[in-house]
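User: Could you walk me through this one? I have a few things to ask about the ligand site and the packing.

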Amino acid sequence: MSEPMGWPEDPDAPRPEPAKSLLVEEGLEISVPMEGDALELFNLVDENRAYLREWLPWLDDVNSVDDEVAMIRSLSEPNPDDFRFYLIRQSGEIVGVISMNWVDYHNRSFGLGYWVSQSSAGRGIITKACSRLMDHCFDDLKLHRSVIEAAVENYPSRAIAERLGMRLEGISKDREWLYDHFTDSSLYAITAPEWKSRHQG
Ligand SMILES: CC(C)(COP(=O)(O)OP(=O)(O)OC[C@H]1O[C@@H](n2cnc3c(N)ncnc32)[C@H](O)[C@@H]1OP(=O)(O)O)[C@@H](O)C(=O)NCCC(=O)NCCS
């Protein structure tokens, strides 16, 4: 007897659920936050506020530990974009965040977002975390297309997409409102077959 078809061949089959945690390499892991992580996460955001504010739009919405608790609680509620949020921990300490900002299950595509503290930047942490999460999305969740959007002048973020082998598909005019101005974004993408031939041989 043949194996039953799973999602996506059978669209009525249950979809695989994103992992709660993933090992990136020895000492580096990503995991969904618990309410008990709110204080450590808030302190990291607060220490890096000016640095993060240059390119991320939500800093004015995070002003207390309670704001982080509320954000973490909201992650367990279903949300229209299927937003998923992981803490990046190095040797147990939170050093940044990586998220699936949206998942479009009908078209099997997803968009990634990330940040790392200023003191942990320049070590490849985000490139490696993206690579691990993309392996999971393509191999385990059966998604097909990964997207990263970075402001045209956010060269460190664009370098991540380029290091991952993603294709620059275009520039989106006035894509994001950042406090008092719009920024143009570079849209990078890679498909599962392209990823597999590049990264998995
Ligand atoms: C964008 C951002 C995440 C980039 O962080 P980053 O530390 O430069 O990115 P990576 O973790 O991939 O590290 C790359 C650096 O580590 C180095 N590196 C060391 N070991 C590495 C490895 N094994 N693999 C890849 N890079 C490695 C690279 O050479 C590179 O250094 P360079 O900048 O001197 O060329 C960070 O600048 C940030 O958080 N900015 C503020 C928020 C933000 O802009 N978020 C993105 C919005 S779209």
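User: Which residues come nearest to the ligand?

Analyst: First, this is a predicted model, where local features need pLDDT of at least 70, side-chain atom pairs count only at pLDDT 80 or more, and totals for chains, interfaces and linings use all residues. Residues are numbered from 1 along each chain as its sequence is written. A residue is near a molecule if its C-beta atom, placed from the backbone, lies within 6 Å of it. Of the 20 residues around the ligand, the nearest are Trp 55, Ala 121, Gly 124, Ile 126 and Thr 127.

User: Which element gives the most to the largest nonpolar core?

Analyst: That core (buried Ala, Val, Leu, Ile, Met, Phe, Trp, Tyr and Cys residues joined through C-beta atoms within 7 Å) has 38 residues, and Ala 129 is among those with the most contacts inside it. Elements are DSSP runs numbered from the N terminus: helices are H or I, at least four residues, and strands are E, at least two. With 8 residues, the top contributor to this core is helix 4.

User: Within what arc do the buried residues of helix 5 fall?

Analyst: Buried means 20 or more other C-beta atoms within 10 Å of a residue's own, exposed means 12 or fewer, and partly exposed is in between, with C-beta atoms placed from the backbone. In helix 5, Ser 157, Arg 158, Ile 160 and Ala 161 are buried. Taking directions from the helix axis to the C-beta atoms, the buried residues of helix 5 line one face, because they fall within an arc of 150 degrees.
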